[in-house]
Amino acid sequence: MTSASEFAGGMSAQWDIVTGVGFTALAVAAGRAMETNREGGLVSDPYAEAFVRAADAPIELPTRSDAAEEDPDVPWSTMARYMGVRSRYFDEYFGTASAGVSQMVLLAAGLDARAFRLNWPAGTTVYELDAPKVLEFKDRVLGEQGARPRADRRLVAVDLREEWTRPLRAAGFDPTRPSAWLAEGLLPFLPNAAKEQLLRTVDELTVAGSTIELEYVADLASLRRDPDFIERRNRMVERTGFDITQLWPDEEEDFPVDTWLREHGWTVAVDHVDDVAERYGVQFEEETMFPAHGGQFVTARKSGSA
């Protein structure tokens, strides 16, 4: 494992795994654990349950479907299915993106364990960017589990709201070579100006033949005002004390991620989550919490020859 002193980067982002956006990473791990433990699950993550067990979470997070069914006010099962769909989709992206590309960059990597559970070609480097305390927790638990990465794994402790290109370069990233990027579970928590800056930075760090996939949720402002959503959110907040909408930016306008990428020389394809779920044999409940029905997966490739 990598020790905290070996992390590249600074120390601005001080949230840990049980506060703010750090807690969302833990909840996502719980969803992956549920899907892993479900017969016929879409993802197999042998470390997700260990992350949940090791954390001193403010609420109990289920890691198996039978425990989730006992809590009618929190849609754990739906969340787990969504995490299964999302993880499977992005796993498949890296399976394709790694052909001829050796640099993989996970933006806001959270408790993502792809460096350990995917089969990477020889010579692949996986860069994981996140807050220092999140990465420290993650590395400690993986060490306790005896996990061994299947690629050259490099941790970059940064605050993505600030300057993070120098720490990434210091960790060995080469912007003159093609790279594959992932922003999973990140954009909904960034204001529009930060979304644009993130894409602009990725654009500046990439050459032709590079790719990026992003999870994007349209019209969060309207969702926040929807009476049915408000009722379900209030029940969840009363039950858990956690309100995810407090982490969303208070903005009325959407940032057109796909349009921005096209205007800057990327070829873009958009998959709606419901369509992806149907391909995987999953159907979400009609009435459910964000983001199962509003989600989109955006795939972009920088045009030209590498």
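# Close-up views of a predicted model

**View 1. A network of salt bridges.** Salt bridges link R86, D91, D112, R114, R117, E184 and E215 into a network. The model you are looking at is predicted, and a search through the whole of it turns up 22 salt bridges. A few other pairs appear in the views below.

**View 2. The whole protein, for orientation.** Before going further, it helps to step back and take in the full chain. The secondary structure comes to 12 helices and 8 strands. Of the 306 residues in the protein, 54% are buried. Many contacts bridge long stretches of sequence: among those between residues at least 6 apart, 78% join residues at least 24 apart.

**View 3. How confident the prediction is.** The average pLDDT for the protein is 87, and 90% of the residues score at least 70. Please take more care with residues 2-11, where pLDDT stays under 50. For this stretch the model has 24 contacts beyond four places in sequence.

**View 4. Helix α1 from end to end.** Helix α1 covers residues 20-37, which makes 18 residues. At 1.5 Å a residue the helix should span 26 Å, and its end C-alpha atoms are indeed 26 Å apart, so the expected and modelled spans agree. Is this helix enclosed or open? With 14 of its 18 residues buried, α1 is largely enclosed by the rest of the structure.

**View 5. Where α1 crosses α4.** The axes of these two helices come within 8 Å and cross at roughly 85°. Because angles of 65 to 115 degrees count as roughly perpendicular, α1 is roughly perpendicular to α4. On the α1 side, the contact is made by A27, V28, G31, R32, M34 and E35. On the α4 side, W76, S77, M79, A80, R81, M83, G84, R86 and S87 take part. You have already met R86, a member of the salt-bridge network in View 1.

**View 6. E35 and its partner R38.** E35, one of the α1 residues in the contact with α4, also forms a salt bridge with R38. The closest N and O atoms of this pair are 2.6 Å apart. E35 has a relative accessible area of 1%, so this residue is buried.

**View 7. A salt bridge along helix α4.** Here E92 and R88 form a salt bridge, with 3.1 Å between the closest N and O atoms. Both residues lie in helix α4 (residues 76-97), 4 residues apart, or about one turn of the helix. Why does that spacing suit a pair of side chains on one helix? An α-helix has 3.6 residues a turn, so residues three or four places apart point the same way. Both partners are partly exposed: the relative accessible area is 39% for E92 and 29% for R88.

**View 8. The pair R154 and D152.** The side chains of R154 and D152 meet in a salt bridge, 2.6 Å from N to O. R154 counts as partly exposed at 28% relative accessibility, and D152 is partly exposed too, at 32%.

**View 9. The surroundings of D203.** D203 lies in helix α8, which runs over residues 192-204. Is D203 buried or exposed? At 16% relative accessibility, this residue counts as buried. Leaving aside residues up to four places away in sequence, D203 touches W260, H264, W266 and K302. D203 and L261 are 58 residues apart in sequence, while their C-alpha atoms are 8.7 Å apart in space.

Terms used: Residues are numbered from 1 along each chain as its sequence is written. This is a predicted model: local features need pLDDT of at least 70, side-chain atom pairs count only at pLDDT 80 or more; totals for chains, interfaces and linings use all residues. Side-chain values use heavy atoms; hydrogens and water are left out. The expected span of a helix is 1.5 Å times one less than its number of residues. Buried means under 20% relative accessible area, exposed over 50%, partly exposed in between (1.4 Å probe, protein chains only). A salt bridge is a side-chain nitrogen of Lys or Arg within 4 Å of a carboxyl oxygen of Asp or Glu. pLDDT is the predictor's confidence in each residue, from 0 to 100. Contact means heavy atoms within 4.5 Å. Axes are lines fitted to C-alpha atoms, for helices over the stretch in contact, and angles run from 0 to 180 degrees between N-to-C directions. Angles under 35 degrees count as roughly parallel, over 145 as roughly antiparallel, 65 to 115 as roughly perpendicular and the rest as oblique.
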